[in-house]
Amino acid sequence: MATAHQTAGPYWHLIDFPAWADVLRADGPNAGAQGERIVIEGTITDGDGALVTDAMVEIWHADPAGRYDAEFQGFGRCATDAEGRFRFTTLKPGPVPGRGNTLQAPHVQIAIFARGLLSHLTTRLYFAGEALNETDPLLALVPAERRATLIAEPVSPGTWQLDIRLRGGAETVFLDI
């Protein structure tokens, strides 16, 4: 059995800077970045469906043109709140070149750090309705019946929601990287 010093948490207060949840904040590296402004939100639950209220969530993604470069740093971090919710403000990423002549659908990488985990969990958020979802090389590897765990749905104009379940029947697909 793992003890507190062998898990990935629960010391998030040491690295939690709430302003980092706004990737576009005025004093940050992306101030003035142009593109479609979006909000990404969701809830994290454990295998029993209980809210995970002490997790740290990180995102990173390409810019709206699908580039990873120094001009746009698509990185954000936030802690889950008392309702197990996370929320980021950022720009919607563009398609990213894949191996060969493939294009990856617009996506956001997500890392989850939580008490009881020996290492963080990594997943992706894809956007519902994106034509490239049908041919995305990574998404194509996920069994069809589990892909919905990676697809964020629009809940209002500019706001996308992806709920993450750490274990159980509706477990989110996590990547082994």
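Student: How do the residues lining the second largest pocket divide into nonpolar, polar and charged?
Tutor: Keep in mind that this is a predicted model. The second largest pocket holds about 190 Å³ of space, and its lining includes Pro97, Arg99, Gln104 and Leu141. Sorted by class, that lining comes to four nonpolar, three polar and two charged residues.

Student: Glutamine 104 lines that pocket, so is it buried or exposed, given that buried means under 20% relative accessible area?
Tutor: Good one to check! Glutamine 104 sits in strand S6, residues 103-104. Its relative accessible area is 15%. Because the limit for that class is under 20%, glutamine 104 is buried.

Student: Which residue has its backbone oxygen 3.4 Å from a polar atom of the glutamine 104 side chain?
Tutor: Start with the surroundings of glutamine 104: leaving aside neighbours within four places in sequence, it is in contact with Pro95, Val96, Pro97, Gly98, Arg124, Leu132, Asp136 and Pro137. Proline 143 is 39 residues away along the chain, with 17 Å between the two C-alpha atoms. The backbone oxygen at 3.4 Å belongs to proline 97.

Student: Arginine 124 is in contact with glutamine 104; with which side chain does glutamine 109 make a polar contact?
Tutor: Glutamine 109 is found in strand S7 and is buried, at a relative accessible area of 9%. Beyond four places in sequence, glutamine 109 touches Glu58, Ile59, Trp60, Thr122, Thr123, Arg124 and Leu175. The polar contact, at 2.5 Å, is with the side chain of arginine 124.

Student: What distance goes with the polar contact between the side chains of glutamate 41 and arginine 87?
Tutor: Glutamate 41 belongs to strand S1, and its relative accessible area of 12% makes it buried. Not counting neighbours within four places in sequence, its contacts include Phe86, Arg87, Trp160 and Leu162. The polar contact between the side chains of glutamate 41 and arginine 87 is at 3.0 Å.

Student: Which elements give two or more residues to the largest nonpolar core?
Tutor: This core has 28 residues, and those touching the most other members are Ile44, Phe86, Phe88, Ile110, Ile112, Leu125 and Ile164. The elements that give two or more residues to it are strands S1 (37-45), S2 (56-61), S4 (85-91), S7 (107-113) and S8 (121-127).

Student: How many residues make up the other core, the one that includes Tyr126?
Tutor: Let's begin with leucine 125, which, beyond four places in sequence, touches Ile40, Pro106, His107, Val108, Ile110, Leu150, Ala152 and Leu162. Apart from the largest core lies another, with Ala105, Tyr126, Ile151 and Val173 among its members. The size of that other core is seven residues.

Student: How far apart are the C-alpha atoms of leucine 24 and threonine 90?
Tutor: Leucine 24 lies in the segment before S1 and counts as buried at 12% relative accessibility. Leaving out residues up to four places away in sequence, leucine 24 touches Phe72, Thr89, Thr90 and Leu91, among others. Leucine 24 and threonine 90 are 66 residues apart along the chain, and their C-alpha atoms are separated by 5.8 Å.

Student: And what is the volume of the largest pocket?
Tutor: A lining of 14 residues surrounds this pocket, with Asp46, Gly47, Val52, Arg115 and Leu166 nearest its centre. By class, the lining has six nonpolar, three polar and five charged residues. The volume of the largest pocket is about 330 Å³.

Key: Residues are numbered from 1 along each chain as its sequence is written. This is a predicted model: local features need pLDDT of at least 70, side-chain atom pairs count only at pLDDT 80 or more; totals for chains, interfaces and linings use all residues. Side-chain values use heavy atoms; hydrogens and water are left out. A nonpolar core is a set of buried Ala, Val, Leu, Ile, Met, Phe, Trp, Tyr and Cys residues joined through side-chain atoms within 4.5 Å. Buried means under 20% relative accessible area, exposed over 50%, partly exposed in between (1.4 Å probe, protein chains only). Helices (H or I, at least four residues) and strands (E, at least two) are DSSP runs, numbered from the N terminus. Contact means heavy atoms within 4.5 Å. A polar contact is a pair of N or O atoms within 3.5 Å; within protein, one must be able to donate a hydrogen and the other to accept it, and residues adjacent in sequence count only if both atoms are side-chain atoms. On a 1 Å grid over the protein atoms alone, a cavity is a set of points where a 1.4 Å probe fits but cannot get out, and a pocket is an open set with protein on both sides within 12 Å along at least five of seven lines; lining residues have an atom within 4 Å of a point. Grid points are joined across faces, edges and corners, and a volume is the space filled by probe spheres set on the points. Ala, Val, Leu, Ile, Met, Phe, Trp, Tyr, Cys and Pro count as nonpolar, Asp, Glu, Lys and Arg as charged, and the others, Gly among them, as polar.
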